[in-house]
Amino acid sequence: MGTQLTVVVPALNEERRLPTTLTGLTAALACYAPASEIVVVDNGSTDRTAHVVAAHSGGPVPVRLMQCAERGKGAAVRAGILASDSAFVGFCDADLATGVDALAGVLVQLGAGVNVVVGSRAHPGSTVCARHSAVRLAGAWAFRRAVRELVPGIGDTQCGFKFFDRATAHALFQPLRTVGFAFDVELLARAQRAGLVVSELPVQWTDVPGSSFDAVRDGYRSFLALLEIRAILAAESAPSPSVLPAFGAVEATQSA
Ligand SMILES: Nc1nc2c(ncn2[C@@H]2O[C@H](COP(=O)(O)OP(=O)(O)OP(=O)(O)O)[C@@H](O)[C@H]2O)c(=O)[nH]1
Ligand SMILES: [Mg+2]
């Protein structure tokens, strides 16, 4: 039997958080989806991230390491997803802030034909245990407001836990241009524009110390990324010059 599910874990200098994550994730996958694999995608970590992956490679679920030349969480997730040919693919963070039990719901929803399953801290059935700073909370609030127009109706775009059927994943990740933390917004906007079935899933989310997200630096970059995403999608949906009527044709239509 081929691999049913690939879980991509983007990781940059995660030697401390990754061991617990790989232990928990392999145990959960062995239970919920035995024909699965974990692909850790690194961007040249300078710590023992690669050793941690090697130490878990002999467990109940294959774990392998992939290098991605392009920096950024979005670029790493994209590389891992596009390299997979499993029936279902998705990603979760190296801190495993989202409880692995949500995988059961993921498999039910994908099996029922949902194209994009979005772990969501905004779901009424979710529990969230967070210890974010006031700056981070204010930034997250402003970001959610700014995102509303791009992805209406989705309560949480940034939870690092999303899963797709293979065709959907390839259609969404192939054209993806956002390489940093805001890549999820571009993905979801593309999914909505394509009329795909997107479903938010309740999660148990617990903040794990050691985040690489800098509220000021990455927050600023994420807001800039929203402007870029808006411009990219607008340019893609604008009619190409070849389908616009020639100037003379417009004149002819108007004078008719
Ligand atoms: N490969 C790769 N992974 C990255 C990069 N930046 C972040 N990540 C990974 O992306 C995941 C999410 O990063 P976190 O540091 O937990 O940040 P976050 O989940 O957005 O923020 P918190 O809510 O504070 O945890 C982790 O698995 C990181 O290792 C990057 O440049 N390359
Ligand atoms: Mg995190």
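Trainee: Is Leu-224 buried, partly exposed or exposed?

Mentor: In this predicted model, Leu-224 lies in helix H8, which covers residues 217-237. Its relative accessibility is 38%, and since buried means under 20% and exposed means over 50%, the class that applies to Leu-224 is partly exposed.

Trainee: Which residues form a nonpolar patch on the surface with Leu-224, and what accessible area do they have together?

Mentor: An α-helix has 3.6 residues a turn, so residues three or four places apart point the same way. The nonpolar patch on the surface is formed by Tyr-220, Leu-224 and Leu-227, and their accessible area together is about 330 Å².

Trainee: How many of the residues of helix H3 are buried, and which are they?

Mentor: Helix H3 spans residues 73-82, and 7 of its 10 residues are buried, so this helix is largely enclosed by the rest of the structure. The buried residues of H3 are Lys-73, Gly-74, Ala-75, Ala-76, Val-77, Gly-80 and Ile-81.

Trainee: Against which elements do the buried residues of H3 pack?

Mentor: The partners include both strands and helices. On the strand side they are S1 (5-11), S2 (36-42), S3 (63-67) and S4 (88-92), and on the helix side they are H6 (166-173) and H7 (183-193).

Trainee: How many disulfides does the count come to, and why is Cys-31 in no such bond?

Mentor: A disulfide needs two cysteine sulfur atoms within 2.5 Å, whereas the sulfur of Cys-31 is 16 Å from the closest cysteine sulfur, in Cys-92, which is too far for a bond. Cys-159 is in no disulfide either, with the nearest cysteine sulfur, that of Cys-92, 9.9 Å away. By this rule the count comes to 0 disulfides.

Trainee: Are Cys-31 and Cys-159 buried or exposed?

Mentor: Cys-31 has 58% relative accessibility and therefore counts as exposed. Cys-159, at 0% relative accessibility, counts as buried.

Trainee: What radius of gyration does the protein chain have, and what would a compact globule have?

Mentor: The C-alpha atoms fill a box of roughly 75 × 50 × 40 Å along the principal axes. For 256 residues, a compact globule would have a radius of gyration near 18 Å, and the value for the protein chain, which agrees, is 20 Å.

Trainee: What share of the contacts with a separation of 6 or more comes from residues 24 or more positions apart?

Mentor: The protein chain has 9 helices and 9 strands, and 44% of its 256 residues count as buried. Among contacts with a separation of 6 or more, the share from residues 24 or more positions apart is 84%.

Methods:
Residues are numbered from 1 along each chain as its sequence is written. Chains are lettered from A and ligands numbered from 1 in the order in which they are written. This is a predicted model: local features need pLDDT of at least 70, side-chain atom pairs count only at pLDDT 80 or more; totals for chains, interfaces and linings use all residues. Side-chain values use heavy atoms; hydrogens and water are left out. Patches are made of residues with over 30% relative accessible area and no salt bridge: like charges are joined within 9 Å, nonpolar side chains (Val, Leu, Ile, Met, Phe, Trp, Tyr) within 5 Å. Accessible areas come from the Shrake-Rupley method with a 1.4 Å probe; for residues, only the protein chains shown count as cover. A salt bridge is a side-chain nitrogen of Lys or Arg within 4 Å of a carboxyl oxygen of Asp or Glu. Helices (H or I, at least four residues) and strands (E, at least two) are DSSP runs, numbered from the N terminus. Buried means under 20% relative accessible area, exposed over 50%, partly exposed in between (1.4 Å probe, protein chains only). The radius of gyration is taken over C-alpha atoms; the globule rule is 2.2 Å times the number of residues to the power 0.38. Contact means heavy atoms within 4.5 Å.
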